[in-house]
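Here's a quick briefing to read with the model open beside you. It goes topic by topic, so feel free to jump around.

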Amino acid sequence: MQSLQAGTVVVGTGPGGATVARELAMAGEDVLILEKGRDHRFPVGNITAYATMYDIRRSKEGVLVRRGITTGGSTMIYSGNSYDPPAFLKKELKIDLSKEVKETKRELNIRPIPEDYYERWPGTKRLVQAACELGYSMEPQERFIDPDLCDPSCDMCLFGCSRGAKWTSREYVYDALVHGAGIITRCDVQKVLSTGGEVTGVVAYTPKGTLVVNADRVILGAGGLGTPMILQRSGIKGAGTHFFTDPMSVMAGISSDSVGTWREITYTFADESHVGEFVMGNVGAVNAFMAQIAALHLPYARRAVHLPKMVGMFVKLCDEANGSIEPDGTLHKAFTVKDEEKMAKGVDAARKIMIRAGVIPETISVAKGIGGHPGGTAAIGRVVGTDLMTEISNLYVCDNSVMPRSGGIPPVLTLIALGKKFARSLLKKTKA
Ligand SMILES: Cc1cc2nc3c(=O)[nH]c(=O)nc-3n(C[C@H](O)[C@H](O)[C@H](O)COP(=O)(O)OP(=O)(O)OC[C@H]3O[C@@H](n4cnc5c(N)ncnc54)[C@H](O)[C@@H]3O)c2cc1C
């Protein structure tokens with residue numbers, strides 16, 4: 001057994017963990033990052049990323065949940081869409097992230113996709129126009145993407161971006177390392193150690209054997225699935241329940257002429273008029289097709305020959321926090337009656353838009369229940385306080401598991417802002 005010493009241990013390198021590690025390291029704190037995944041270089045920007053960086057789980061009830069296990073966490077495979085924090089954080093929990101959101105948008109140059117992209121995407125353009133004719137409004141999305149580096153005919157955001165156009169939390173990890181932090185990858189944290197209600201470190205498995213890291217402070221950023229598993233193994237009460245994941249239905253169909261969303265970037269336009277119920281938007285042909293395969297709609301594989309004229313849309317549900325995860329990773333998540341109603345309403349709207357845009361109705365396939373925003377499992381008010389501390393002193397959580405419920409929108413900007421605010425409050429405490 002190997003043993004190490006650190007001031008602060010940060011577990012996980014998604015937007016939650018990486019932001020905190022960076023802030024603390026930049027302020028001169030002694031930080032050690034422990035990351036379960038590898039620092040994958042290959043394949044990044046390649047469809048085979050599905051086999052390496054992706055962890056895809058199926059709940060006992062059939063809902064799929066995707067996350068990234070690699071340096072950068074799920075941002076390595078995210079679309080790069082940016083949404084302001086859900087209103088309930090400020091209104092109900094009095095957590096005002098407006099300053100940090102503004103700072104992050106400026107720092108990362110978050111902006112909508114350039115208008116000329118739209119002109120280059122005939123399939124997406126048709127969907128946007130069809131939505132408008134039917135009384136919906138698919139608006140250009142703000143993204144963590146640098147248009148100067150992006151290739152608008154690539155659509156590989158969900159497999160990692162080999163061009164460096166998409167911001168990922170790897171950038172914050174590397175900033176932390178430049179400022180003196182250390183990192184151990186392929187380090188699977190199992191549990192937190194404590195004595196007399198005070199954190200003392202963590203135990204992890206590495207390819208070289210068991211590792212114990214003694215630390216004064218531990219911050220879990222292992223995500224909505226990883227963090228509750230660690231907390232439960234460490235005896236923290238209440239962790240692992242109230243799981244949500246914003247499951248999507250991804251729809252694919254064949255255009256009656258040759259105009260599809262082939263090589264058009266996914267999730268660049270979305271209708272947000274039903275946030276709280278669902279959000280719907282465009283999907284590139286490759287992602288629409290891959291979703292059917294991931295949902296085991298295997299006969300759809302024969303449609304691969306039609307990829308150039310395939311059209312995709314998604315409907316992302318704001319689901320109820322009714323799921324749970326066990327310490328060994330067994331997942332329970334079903335659609336509630338309310339979820340089913342909201343999803344049916346969204347799928348019906350998207351189907352009408354697709355048909356209006358020229359998709360042959362009989363070719364539309366719906367891959368239902370693919371989630372990518374796991375959270376709720378160590379929620380503020382149940383497992384952590386508004387200072388993000390657990391019942392164990394100096395054991396904190398900063399990732400999507402602290403969200404008490406789904407906002408129905410992608411959470412990365414919120415998590416970066418939360419990470420900044422949280423880290424700065426820790427630094428203030430240390431100084432005082
Ligand atoms: C396909 C897809 C597309 C998405 N698109 C968007 C989007 O456009 N915009 C947006 O805002 N959000 C998007 N999301 C969601 C977003 O990426 C996640 O919600 C967000 O990254 C969650 O951040 P996190 O810090 O909670 O966890 P994660 O990013 O999942 O990071 C958790 C980290 O902890 C590590 N870890 C896990 N367990 C352990 C352990 N036991 N020991 C050590 N390390 C561990 C993981 O390897 C990972 O690095 C998308 C997600 C997916 C899957």
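**Helix pairs**

Let's start with α6 (residues 122-133) and α10, which pack at an angle of about 115 degrees with their axes 8 Å apart. Keep in mind that this is a predicted model. From there we'll go to the sheet, the hairpins and the aromatic rings.

- The crossing of α6 and α10 is a right-handed one.
- On the α6 side, Leu-127, Ala-130, Ala-131 and Glu-133 do the meeting, and on the α10 side their counterparts are Ile-353, Met-354 and Arg-356.
- Helix α4 (residues 98-107) packs with helix α11 (residues 412-431), again a pair to look at down the axes: the angle is about 115 degrees and the axes are 9 Å apart.
- Here, too, the crossing is right-handed, with α4 passing α11.
- α4 brings Glu-100, Val-101, Glu-103, Thr-104, Lys-105 and Glu-107 to this contact. From α11 come Leu-413, Ile-416, Ala-417, Lys-420, Lys-421 and Arg-424.

**The eight-stranded sheet**

- Eight strands make up an open sheet with mixed pairing, and the order to trace is β3-β4-β18-β12-β15-β14-β13-β6.
- β3 (54-58) and β6 (138-140) are the edge strands, each pairing on one side only.
- On average, neighbouring strands in this sheet are turned by 30 degrees against each other, if you ignore direction.
- Within the sheet, β12 (residues 248-254) and β15 (residues 310-317) pair in the antiparallel sense, over seven bridges.
- If you want a spot to zoom in on, Met-251 stands opposite Met-313 in β15.

**Helices on the sheet**

- α10 (residues 337-356) turns up again here, packing on the sheet and touching β12, β14, β15 and β18. Its direction makes about 155 degrees with that of β15.
- α9 (residues 285-294) lies across β3, β4, β12, β14 (278-283), β15 and β18 (365-371). Relative to β12, α9 runs at about 115 degrees.

**Two hairpins**

- β3 and β4 pair in the antiparallel sense over five bridges, and Ile-56 has Arg-66 in β4 as its bridge partner.
- Five residues sit between β3 and β4 in their hairpin, and Gly-62 in the turn has a positive phi of about 105 degrees.
- β9 (residues 188-195) and β10 run antiparallel, joined by seven bridges. One facing pair is Val-189 and Ala-204, the latter in β10.
- The hairpin of β9 and β10 has two residues between the strands, and Gly-196 takes a positive phi near 55 degrees there.
- Thr-206 belongs to β10 (residues 198-206) and counts as buried, at 18% relative accessibility.
- Leaving out neighbours within four places in sequence, Thr-206 is in contact with Arg-186, Cys-187 and Leu-211.

**Aromatic rings**

- How many aromatic pairs does the structure hold? The count is nine.
- One of them is Tyr-78 with Phe-144, a tilted pair at 5.8 Å centre to centre and 50 degrees between the planes.
- What does that pair tie together? Tyr-78 lies in the loop between β4 (64-68) and α3 (88-91), and Phe-144 in the loop between β7 (142-143) and α7 (170-178), so the pair connects parts that are 66 residues apart in sequence.
- Are the two partners buried or exposed? Tyr-78 is buried, with a relative accessible area of 11%, and Phe-144 is buried as well, at 2% relative accessibility.
- Tyr-117 and Trp-121 make an edge-to-face pair, 5.4 Å centre to centre with 65 degrees between the planes. Both Tyr-117 and Trp-121 are buried.
- Ring pairs also build a cluster, linking Tyr-78, Phe-144, Trp-167 and Tyr-172.

**Charges over rings**

- Tyr-172, part of that cluster, has the charged end of Arg-22 sitting over its ring, 4.1 Å from the centre.
- Phe-88 has a similar visitor: the charged end of Arg-405 sits over its ring, 4.3 Å from the ring centre.

How values were computed. Residues are numbered from 1 along each chain as its sequence is written. This is a predicted model: local features need pLDDT of at least 70, side-chain atom pairs count only at pLDDT 80 or more; totals for chains, interfaces and linings use all residues. Side-chain values use heavy atoms; hydrogens and water are left out. Rings of Phe, Tyr and Trp (its six-membered ring) pair if their centres lie within 6.5 Å; planes under 30 degrees apart count as stacked, over 60 as edge-to-face and the rest as tilted. Helices (H or I, at least four residues) and strands (E, at least two) are DSSP runs, numbered from the N terminus. Buried means under 20% relative accessible area, exposed over 50%, partly exposed in between (1.4 Å probe, protein chains only). A charge sits over a ring if NZ of Lys or CZ of Arg is within 6 Å of the ring centre and within 35 degrees of the ring normal. Two strands pair if DSSP finds at least two bridges between them. Axes are lines fitted to C-alpha atoms, for helices over the stretch in contact, and angles run from 0 to 180 degrees between N-to-C directions. Contact means heavy atoms within 4.5 Å. A crossing is left-handed if the near helix is turned anticlockwise from the far one by less than a right angle, and right-handed if clockwise.
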